[in-house]
Structures are given as structure tokens and as C-alpha cells.
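Trainee: I've got a model open on my screen and would like to talk it through. Where shall we start?

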Amino acid sequence: MMQANHLIGLPVICDTKKIASVLSVSVGHDGHSLSGLVVQSGLYGPRFIPCAQVVLLGDRSVLVSAPVIRPTPRAVGSLASTMMAAQESAPTRMMIKPSST
């Protein structure tokens with residue numbers, strides 16, 4: 001298992017190119033499985049990458065199968081408030097494991 005705080009700041013790679021950096025980790029309802037990653041890409045604000053698109057969680061980078069899709073403005077607002085709430089209530093050290101699909 002990997003600790004979620006080790007993923008923060010890692011580059012997100014798609015087709016050999018850095019497309020974003022990990023801002024936070026979204027965990028499932030059980031508190032242990034990964035549901036996705038919130039990433040920052042340039043000046044466009046945070047975006048969500050679902051677990052299904054995450055290919056590899058490495059020590060030095062995260063590999064994804066598809067580029068980050070730009071969310072709608074409404075989604076950006078709700079994503080930002082969700083991220084802030086998660087950061088305030090989340091413990092600083094959390095263990096995660098990939099979800100089994």
C-alpha cells in the first residue's frame with residue numbers, strides 16, 4: 001500500500017508528456033480505496049482524474065491512460081469546495097490501495 005501524502009506533488013504523465021501535478025487524492029467510501037486524483041494543470045484550475053484512468057501510481061510519477069478533461073465552470077466550483085473540505089477534515093497520513101474492478 002502507498003500513503004496518499006506521497007502522491008501529492010507528483011507529475012502526472014500521459015503519452016510520455018507531463019500533463020499535470022497531483023493536488024490531492026480522493027478516496028472511496030471505505031476510506032482505503034482510491035476513487036481518483038485531483039490535479040492541477042497550468043492556469044485552468046483543478047481537474048479530477050477517475051481511478052479507471054490511472055494506470056500506475058509510482059514513486060516518482062503517476063501514469064494515466066487519457067489526458068485530463070477540462071471540467072465545466074460549475075464543476076470547478078464544486079471541485080474546489082470539495083477539495084477544501086477534504087483538506088480540512090482529512091488526516092495528514094492516509095493509507096490507500098487501488099480499488100479492485
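Trainee: Let's take a pair of strands. How many bridges join strand 4 to strand 5?

Mentor: Strand 4 and strand 5 run antiparallel. Strands here are DSSP runs (E, at least two residues; helices are H or I, at least four), numbered from the N terminus, and two strands pair if DSSP finds at least two bridges between them. One bridge puts glutamine 40 opposite proline 46 in strand 5. The count between strand 4 and strand 5 is five.

Trainee: What is left out of the side-chain values in this model?

Mentor: This is a predicted model, where local features need pLDDT of at least 70 and side-chain atom pairs count only at pLDDT 80 or more, while totals for chains, interfaces and linings use all residues. Residues are numbered from 1 along each chain as its sequence is written, and the side-chain values use heavy atoms, leaving out hydrogens and water.

Trainee: Back to that hairpin. Which glycine in the turn between strand 4 and strand 5 has a positive phi?

Mentor: There are five residues between the two strands of this hairpin. The phi in question is about 65 degrees, and the residue that has it is glycine 42.

Trainee: In what order do the six strands of the open sheet lie?

Mentor: The pairing in this sheet is mixed. Strand 5 (46-50) and strand 6 (54-57) each have a single partner strand, so one side of each is left without a neighbour in the sheet. Neighbouring strands are turned by 35 degrees against each other on average, direction ignored (the axes are lines fitted to C-alpha atoms, for helices over the stretch in contact, and angles run from 0 to 180 degrees between N-to-C directions). From edge to edge, the order is 5-4-3-2-7-6.

Trainee: And which residue stands opposite serine 26?

Mentor: Strand 3 and strand 4 (residues 34-40) pair in the antiparallel sense over six bridges. Across from serine 26, in strand 4, you'll find glycine 36.

Trainee: Is aspartate 15 buried or exposed?

Mentor: Aspartate 15 sits in the loop between strand 2 (11-14) and strand 3 (17-27), and its phi is positive, about 50 degrees, although it is not a glycine. Buried means under 20% relative accessible area, exposed over 50%, and partly exposed in between (1.4 Å probe, protein chains only). Aspartate 15 has 63% relative accessibility, so it counts as exposed.

Trainee: What relative accessible area does threonine 16 have?

Mentor: Threonine 16 belongs to the loop between strand 2 and strand 3. Its phi is also positive, near 65 degrees, in a residue other than glycine. Threonine 16 is exposed, with a relative accessible area of 78%.

Trainee: Which residues of the largest nonpolar core touch the most other members?

Mentor: A nonpolar core is a set of buried Ala, Val, Leu, Ile, Met, Phe, Trp, Tyr and Cys residues joined through side-chain atoms within 4.5 Å. The largest one has 17 residues, and those touching the most other members are Leu7, Val12, Val22, Leu37, Val62 and Val64.

Trainee: Which residue is the bridge partner of valine 54 in strand 7?

Mentor: Strand 6 and strand 7 form a hairpin with four residues between them, and they pair antiparallel over three bridges. In strand 7, the partner of valine 54 is valine 64.

Trainee: How far apart are the C-alpha atoms of glutamine 53 and serine 65?

Mentor: Glutamine 53 lies in the loop between strand 5 and strand 6. Contact means heavy atoms within 4.5 Å, and glutamine 53 touches Leu63, Val64, Ser65 and Ala66, not counting residues up to four places away in sequence. Glutamine 53 and serine 65 are 12 residues apart along the chain, with their C-alpha atoms separated by 5.2 Å.

Trainee: How many disulfides does a search of the whole structure find?

Mentor: A disulfide is a pair of cysteine sulfur atoms within 2.5 Å. Cysteine 14 is buried, with a relative accessible area of 5%, and cysteine 51 counts as buried at 18%. The number of disulfides found is zero.

Trainee: Over which residues is the pLDDT below 50?

Mentor: pLDDT is the predictor's confidence in each residue, from 0 to 100. The chain averages 76, and 65% of the residues score at least 70. Where pLDDT is low, the predicted coordinates should not be read in detail. Here the stretch below 50 is residues 87-94.
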